[in-house]
Amino acid sequence: MKKKAVLFLNIGSPSSTEVKDVQKYLNRFLMDPYVVTAPFFIRWLLMKKFVIPRRSPRSAEAYKKVWTKEGSPLVSLTAKLMENLNLTDPEHQWFHAMRYSAPEVLDVLSEIKKQGFKEVIIFPAYPQYASSSTLSTLKFVEEKLKVMGWAPKLSLISDFYQDPEFIDNIILEIPKTTDPQNFDHVLFSFHGLPESHLTKISSSCKFNSCCDVITESNSKCYRAQCYQTAKLVAAKLNLESHKWSMSFQSRLGPQQWIRPYTDKITVEMAEHQGVKKLLVFSLAFVTDCLETLEELDMELKNEFLDHGGEVFNRVPCLNDRFYSAPAIAKKAKPYNFSL
């Protein structure tokens, strides 16, 4: 076949807003050893007995706030993106699967094989590398290929955090009514990670001062990659250094996570730094999801306004307008895999 298959992978979503379905999803997600790195028994005890039973009802209520008639925004927007790319990209056939929900990776790989593809590009939808997202996804794909006994020619898109076409796509999709220069401050909010995830990548990690430049020692550091994405977007927007900052959201559990925290820094801006108009970007997500639509657009917005802010806007994720995806897919590098 002339076309290459692209397997575009995202995190997933509960199948409905019912507590039982949210619990099922959280079980798959939080029992992943790449997400919660504690030994199995400790992870099982904490997640199954405490975290998941308590979190599922709250998460179900949050999902209800963003659910649409098409279902989960993340899943429906990803499906729409695939439709758009398959209509416009002559070099690739696009397929999508979710790490922790339907469409299931095994089912989609089976369909790709059935259609006769010999080459597959694995495209995790995470601009910045993290073991809890990118690596977990790759290992899961490998596991399913072994179950199938299939070893196609694989290539991989990973760490596209500073890809020029990705950065340009972000800039081009900023709503014409939203000029960043009209805001007091621009905040780039990324999904958080426990600090322990960074120290496993680099034992010399200082969580801040070592992120300015990508080097061999921090080339796989999530925080360093986030900072590079933020710097590139800020430069494209001609923002002066004091007009923008970076923060991290979506914490879980008592351990120390990467700082500064989005919710804390936003309140500080409103109360003590005179920021009345705030513009937020979600540069760790290519598709809007619970963390952007509910945590940022609802919870964070209300926090900012309640503490003295006046205008809160967020630039939507690329969603079904991720038009640079085919150009990025062309840059896939060979990925070694054997049964």
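**Exercise 1. Find what covers the buried residues of helix 8.**

Start with the cover: it includes helix 6 (164-172), strand 5 (185-191), helix 7 (195-201) and strand 6 (244-249). Cover here goes by contact, meaning heavy atoms within 4.5 Å. Helices (H or I, at least four residues) and strands (E, at least two) are DSSP runs, numbered from the N terminus. Before going on, note that this is a predicted model, where local features need pLDDT of at least 70, side-chain atom pairs count only at pLDDT 80 or more, and totals for chains, interfaces and linings use all residues. Residues are numbered from 1 along each chain as its sequence is written, and side-chain values use heavy atoms, with hydrogens and water left out.

Next, pick out the residues being covered. Among the buried ones in helix 8 are Tyr-222, Arg-223, Cys-226, Gln-228 and Val-233. Buried means under 20% relative accessible area, exposed over 50%, and partly exposed in between (1.4 Å probe, protein chains only).

**Exercise 2. Check the length of helix 8 (residues 222-236) against what its 15 residues should span.**

First, the rule: the expected span is 1.5 Å times one less than the number of residues. For helix 8 that gives 21 Å. Then look at the ends: the end C-alpha atoms are 21 Å apart, so the two agree. Just past the helix, Asn-238 has a positive phi, near 55 degrees.

**Exercise 3. Do the same for helix 5 (residues 131-148), then decide why it counts as largely enclosed.**

With 18 residues, helix 5 reaches 24 Å from first C-alpha to last, close to the expected 26 Å. Now count burial: 13 of the 18 residues are buried, so the rest of the structure largely encloses this helix. Gly-149 follows helix 5, and its phi is positive, near 70 degrees.

**Exercise 4. Place Glu-104 and describe its surroundings.**

Glu-104 sits in the loop between strand 2 (92-98) and helix 4 (105-114). Its relative accessible area is 26%, so it's partly exposed. Leaving aside residues up to four places away in sequence, Glu-104 touches Arg-28 and Ala-97.

**Exercise 5. Work out whether the chain is as compact as a globular protein of its length.**

Take stock of the elements: 12 helices and 9 strands. The radius of gyration (over C-alpha atoms) is 20 Å, close to the 20 Å from the globule rule for 339 residues, so the chain is as compact as a globular protein of that length. That rule is 2.2 Å times the number of residues to the power 0.38. Finally, buried residues make up 53% of the chain.
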